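Colleague: Before we rely on any of the terms used for this model, I would like to hear what stands behind each of them. Could you take me through the reasoning, one term after another?

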Amino acid sequence: MSNQAFIDRAKELGFIAAGFSKPQTPAHLDFFLSWLHHAEIGDMTYLKRNTGLRKDPRRLLDGLQTIVSLAYPYPATKPSTPDGYNASRYSTPEQEDYHLRLRRLGKELCTFIKEIFPESHSRVCVDSAPILERSFAVTSGIGFFGKNNMLIVPGYGSYCFLIEILTTAQFSIPFAREIENRCGSCTRCIDTCPTEALKAPFCIDVSQCLSYLTIEARHDIDTKMAKKMGNTFFGCDVCQEVCPFNKQDAPTVSMPPADTIMRMKAPDFKRVFGKTAFERAGLEKLKSNIKALLNQ
Ligand code: SF4
Ligand code: SF4
């Protein structure tokens, strides 16, 4: 099977890029471990677990031969409430949580692999395995690390999800053709980060990042950080919005007004945001974030 046949099938399913890597120690592991040693990671202590698996991805699947990295686009349009509050683009409140959607698409690709390599077995990872996914994506040649830590896919930008398929199928692994960083002298993402969480190129203080504070952090946002949120109550996106590799579209109204969300009870939340990416943060976190915005 040519790798191209797989890439063609992935593109038919809506992926914008697919690349192949050997299941070896990720090229950026030392950088990651050094960052982790010095970084403030807040409640994301899971990052410190499973270093052995991160180092040796072969332990994630018996007989692993190929790591396939896939990028799937999300809209450049920021979802908004009618009263002007908004959420990070990837939240796509009109659609099912991307974890579910992308897992289904990944499984379709696993079926495709199985048709060609009947003896193979494969595993889809959608934020579900301790793997340095951006490192493998870079090694596979589908993009480069921006100074904002995002994977930037040339010709598309960074508004994309990443997933991996781990497979025992023996794809041909092209000779390393890593794309060099193309940021040049630009530092817009660092200069405009509202909380100064982006300390330097490729260096983020997670505990100060609004994406973390509005979604993952268990505690409420304090007044000082609330003043930096702008109008965004879920995620942030500023370091991507300013990036010249991304196109910018005007916000679209796809959520109820903020005061409606504030009045929601659990059944309302389930009805409106039931299977979306908001479900993971939960109603109380959304309310807490909106309250922080309203009290700015
Ligand atoms: S998501 Fe926002 S707060 Fe976090 S690093 Fe980017 S600009 Fe800064
Ligand atoms: S804003 Fe500039 S420095 Fe930051 S990732 Fe984009 S191109 Fe690179």
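Colleague: Which residues does L213 touch, not counting residues up to four places away in sequence?

Modeller: This is a predicted model, and in it L213 touches I221 and M225 when residues up to four places away in sequence are not counted. A contact requires C-beta atoms within 7 Å, and both I221 and M225 are in contact with L213 on that count.

Colleague: Why is L213 called buried?

Modeller: L213, which lies in helix α7, has 26 other C-beta atoms within 10 Å. The term applies from 20 such atoms upwards, and L213 is therefore buried. As for its place relative to I152, the two residues are 61 residues apart in sequence and 23 Å apart in space, C-alpha to C-alpha.

Colleague: What makes the strands an open sheet, and in which order do they run?

Modeller: The four strands have the order β1-β2-β8-β5, with antiparallel pairing. At the edges are β1 (17-21) and β5 (122-125), each of which pairs on one side only. From one strand to the next, the twist averages 20°.

Colleague: How do you know that β1 and β2 pair?

Modeller: Pairing requires at least two bridges, and β1 and β2 (residues 66-73) are joined in the antiparallel sense over five bridges, so the two strands count as paired. Within this pairing, G19 has S69 of β2 as its bridge partner.

Colleague: What supports the pairings of β8?

Modeller: The antiparallel pairing of β2 with β8 extends over eight bridges, and S69 stands opposite E164 in β8. β5 and β8 also pair in the antiparallel sense, over four bridges, with R123 opposite L166. Set against the requirement of at least two bridges, both pairings therefore qualify.

Colleague: What makes β8 mostly covered?

Modeller: Seven of the eight residues of β8 are buried, where the term again asks for 20 or more other C-beta atoms within 10 Å. Helix α4 (residues 98-116) packs on the sheet and touches β2, β5 and β8 (160-167), with its direction at about 35° to that of β8. Helix α5 (residues 133-140) lies across β1, β2 and β8, and runs at about 90° to β1.

Colleague: How do you know that there are two domains, and what is the evidence that they touch?

Modeller: The division comes from the domain assignment of the protein, which gives domain 1 (3-74 + 96-167) and domain 2 (188-294). Their centres, taken over C-alpha atoms, are separated by 24 Å, and the contact takes 21 residues from domain 1 and 24 residues from domain 2. On the side of domain 1 that touches domain 2, the residues divide into ten nonpolar, six polar and five charged.

Colleague: What makes up the shell around ligand 1, by class?

Modeller: That shell has ten nonpolar residues, two polar and no charged. Among the residues surrounding ligand 1 are C193, C209, C236 and C239, and cysteine counts as nonpolar. The elements that give two or more residues to this shell are α7 (210-216) and α9 (238-241).

Colleague: From which domains does the shell around ligand 2 draw its residues, and how is it composed?

Modeller: At least three residues come from each of domain 1 and domain 2. The residues around ligand 2 include G146, K147 and N148, as well as C243, P244 and F245. By class, the shell around ligand 2 has seven nonpolar, three polar and two charged residues.

Methods: Residues are numbered from 1 along each chain as its sequence is written. Chains are lettered from A and ligands numbered from 1 in the order in which they are written. This is a predicted model: local features need pLDDT of at least 70, side-chain atom pairs count only at pLDDT 80 or more; totals for chains, interfaces and linings use all residues. A residue is near a molecule or strand if its C-beta atom, placed from the backbone, lies within 6 Å of it. Axes are lines fitted to C-alpha atoms, for helices over the stretch in contact, and angles run from 0 to 180 degrees between N-to-C directions. A residue is buried if 20 or more other C-beta atoms lie within 10 Å of its own, exposed if 12 or fewer, and partly exposed in between; C-beta atoms are placed from the backbone. Domain bounds come from an automatic or database domain assignment.
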